[in-house]
Amino acid sequence: MKNSFMKHMVLAAAGASALVLGACVSVSDVHTTPNTAPSFAYYDVKSFGAIGDGRAIDTDAINKAIDAANAAGGGTVRFSAGTYASYSIHLKSNVTLLIDRGATILAAEPAADLSVGYDAPEPNAWDPYEDFGHSHFHNSLIWGEHIENVAIVGFGRIYGFGLSRGSPRSLRDQTPEERAAGTKAPATPKAANAAPIVPGPFGYPGRDTLRAGIGNKAISLRECHNVTLRDFTIYHGGHFGILATGVDNFTIDNLRIDTNRDGMDINSCYNVHVSNCSVNSPIDDGICLKSDYALGGVRACENITITNCHVSGFNEGTFLNDTFRRNSGMPGVPSSPIGRIKLGTEGSGGYKNIAISNCTFDYCCGLALEEVDGASLEDVSISNLTMRDITNSAIYIRLGSRDRSPPGVVPGVLRRVSISHVVASNVDPRFSSIIEGIPGHDIEGLRLSDIRIVYAGGGTKDDAALDPKEDEKGYPEPERMGHIPAYGFFVRHVKDVSFRDIDVSYAKDDARPAFILKDVSDADFDHIKAGHADGTPTFVLKEVSGFAIRNSPGIPDTRMDQPVTDGKL
C-alpha cells in the first residue's frame with residue numbers, strides 16, 4: 001500500500017487515447033482496462049504542480065487533481081505534509097480530500113485590489129430574506145454544490161488565514177497572532193467599498209456584505225448528498241467554519257474547530273449526525289442548526305443528532321494550543337463569549353426530530369432553542385448536558401415573531417420538547433433560564449427533568465420587580481430582555497409544561513424568586529428544590545391556571561385549578 005503512493009497510473013477513456021496523468025496513484029493490485037476506472041486511487045496534489053510551501057498559490061493544482069479524480073469516476077485527492085495556500089477549491093462528486101498529518105490547507109489573502117482572490121458570490125434571488133453570509137456559497141475556501149459522495153478527512157488542518165468574518169468588511173480580519181502583536185489586518189480598498197449599502201427590511205444587504213474576491217467561509221456546501229467530514233481541524237474559519245445548506249445524509253465526526261465566528265451551521269439539512277466534535281467560538285455560535293430561506297423555499301432541519309460534543313468560548317487559538325485563555329482585554333475578544341449549541345435564529349423551515357446528548361459547555365452561552373420565523377420547532381429531545389461558567393441563560397427557549405420569510409407568515413409553533421439530566425454551575429446572575437412564547441401563541445408540551453443549576457446570584461429586590469419587555473419581533477437573545485426578575489426560571493406564554501426533579505440555587509445571596517410564571521396554563525411541578533432569601537417567595541404566579549406542585553421541600557403540596565392573577569408560594 002505505501003509503495004503504491006508513489007506509482008503513476010495510466011487512465012484510459014473508452015474510444016480515446018490513453019492519458020498519462022502522472023498524478024494518479026493506485027493500489028498495486030488494481031488493474032484497469034480502457035472501459036473501467038480504478039476502484040481505488042490517490043491523486044497527490046503535488047503531482048499536479050502544488051508546491052505546498054505556504055507562499056505559492058496552489059489553487060489550480062488542487063482543482064486539477066479534483067477534476068482528474070472526478071473524471072476517473074472517483075478517487076482520493078491527497079494533501080501530503082506541507083502548507084497549501086489556495087483560493088476557492090471546487091469539490092466534485094465521488095471525491096475525497098485527504099489532509100494528511102502535517103498538512104495545512106491555507107486560505108490565502110486576496111490581492112489588495114481584489115484582482116486575485118476567491119470566487120465571486122453567486123447571484124441569489126432570495127437575498128432579501130437572508131444575510132449575505134448565509135445566502136452565498138461560492139465565496140469560500142472549499143465549496144461544493146449539487147454534488148454527492150464527497151468527503152474531507154484526515155488529521156491535518158484547514159487554516160482560514162485570508163478569510164473575512166464578514167464584519168467588519170475587510171480583506172481578512174486579524175488573526176489571534178496579529179492581535180497579540182498589535183498589528184492590523186489589511187483594510188478593503190476604498191474602491192471596493194464605494195457602493196453604498198442600504199439594508200432592506202430583513203437587513204440585507206447588511207454589515208456582512210462582501211465584494212467579489214473576498215472569501216468568508218472555510219467549507220461551504222449547498223444541496224449535496226452523502227457527505228462526510230472527519231478528523232481534521234479548522235482554525236480561524238471566517239464567518240463560518242462550516243456552512244452546510246440543504247445537505248442530506250451528512251456525517252460530521254471528530255472535528256476540532258477553533259474559530260473567529262460560527263463553528264458549524266447545519267442549515268435545512270436532513271439526516272445529519274454530528275459526533276465527537278470540539279468547537280471553540282468566542283464571538284459566535286459553536287454548533288448551530290438553522291433552516292433559512294436561502295434556497296428559495298422552506299425546508300426543515302430534520303432528523304439530526306448531536307452527541308459527545310464540546311463547545312466553549314475561550315480566546316481564539318487558545319483551545320488548539322491547550323492554554324484555554326479567557327478574555328484578556330485584547331481588542332476583538334468578547335467579555336461574554338458565545339460558543340453554544342443553538343437551534344436558530346433563522347427558522348423559516350423549522351426543526352423536527354432533533355436529539356442532542358452527552359455534550360459539555362465551558363465558558364460560553366447556554367443551550368438555545370429558537371423558532372422566530374413562522375415555522376415549527378417540535379419533537380426535540382435533549383439529555384446529559386454539563387455546563388460551567390455560562391455567560392447568559394443556561395436554558396433559553398424562545399418562540400418569537402420576527403418572521404424573516406416572504407409576506408404572509410403567521411407565528412410558528414414550539415412544542416414537544418424534552419430536556420433532562422442537565423448540570424450547570426456559575427451561570428450569569430443577570431439571567432435565569434427563560435422559556436417564552438408570544439401572547440396568544442404559547443409554547444406547548446415542554447418537559448424538563450433532572451436539572452441542577454447553580455447561579456452566580458446577586459440579584460436585588462429592584463431586579464425582582466422588573467417586567468421584561470416582550471419584544472417578539474426582535475432578535476431572540478436573553479440580553480435583549482435585560483435583567484430577569486427570577487433567578488431560576490422565567491416562564492411566560494406557555495401551556496402544558498412539567499418540571500420534575502429540579503434543583504436551583506445560587507452562590508451569592510439573591511433577592512429574586514426562583515420561579516416566575518406569567519400567562520401559563522397546566523403547569524406541573526414535582527420534587528422542586530429552590531433556594532430563596534428570607535421573605536422572598538419561591539414562586540410568583542401571574543395569570544396562571546392549572547398549577548400543581550408536590551414533593552417539594554418548604555412548599556406544601558398545592559393544586560390550583562382556578563386561574564391565579566397574582567399569587568406567591
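The exercises below work through a predicted model, from its overall make-up to its pocket, cores, cavity and unusual backbone angles.

Residues are numbered from 1 along each chain as its sequence is written, and side-chain values use heavy atoms, with hydrogens and water left out. Local features need pLDDT of at least 70 and side-chain atom pairs count only at pLDDT 80 or more, whereas totals for chains, interfaces and linings use all residues.

**Exercise 1. Describe the protein as a whole: how many helices and strands are there, and what share of the residues is buried?**

Step 1. The protein has four helices and 38 strands, where helices (H or I, at least four residues) and strands (E, at least two) are DSSP runs numbered from the N terminus.

Step 2. Of its 569 residues, 59% are buried; buried means under 20% relative accessible area, exposed over 50%, and partly exposed in between (1.4 Å probe, protein chains only).

Step 3. Taking contacts (heavy atoms within 4.5 Å) between residues at least 6 apart in sequence, 68% join residues that are at least 24 apart.

**Exercise 2. Characterise the largest pocket: which residues are closest to its centre, and which strand gives the most to its lining?**

Step 1. The largest pocket holds about 670 Å³ of space. On a 1 Å grid over the protein atoms alone, a pocket is an open set of points with protein on both sides within 12 Å along at least five of seven lines, while a cavity is a set where a 1.4 Å probe fits but cannot get out; lining residues have an atom within 4 Å of a point. Grid points are joined across faces, edges and corners, and a volume is the space filled by probe spheres set on the points.

Step 2. The lining of this pocket has 31 residues, and those closest to its centre are Asp131, Arg207, Arg261, Asp284 and Tyr475.

Step 3. Strands β20 (262-267) and β26 (341-347) each supply at least two lining residues, and β26, with three, gives the most.

Step 4. By class, the lining divides into 18 charged, eight polar and five nonpolar residues; Ala, Val, Leu, Ile, Met, Phe, Trp, Tyr, Cys and Pro count as nonpolar, Asp, Glu, Lys and Arg as charged, and the others, Gly among them, as polar.

**Exercise 3. Locate the largest nonpolar core: which members touch the most others, and which strand contributes the largest share?**

Step 1. A nonpolar core is a set of buried Ala, Val, Leu, Ile, Met, Phe, Trp, Tyr and Cys residues joined through side-chain atoms within 4.5 Å. The largest one has 128 residues, among which Phe499, Phe515 and Leu517 touch the most other members.

Step 2. Strand β34 (residues 489-508) provides the largest share of this core, eight residues.

Step 3. Another core, of 10 residues, lies apart from it and includes Tyr396 and Met481.

**Exercise 4. Examine the largest cavity: which residues lie nearest its centre?**

Step 1. The structure holds one cavity of 30 Å³ or more, and the largest cavity has a volume of about 70 Å³.

Step 2. Its lining comprises 13 residues, with Tyr396, Arg398, Glu470, Asp471 and Met481 nearest the centre.

**Exercise 5. Find the backbone exceptions: which residues does the cis peptide bond join, and where does Asp471 lie?**

Step 1. Most residues other than glycine have a negative phi, and most peptide bonds are trans.

Step 2. The bond between Gly344 and Thr345 is cis, with omega about 5°, and Thr345 lies in strand β26.

Step 3. Asp471, in the loop between α4 (461-464) and β34, has a positive phi near 55° and is partly exposed, at 26% relative accessible area.
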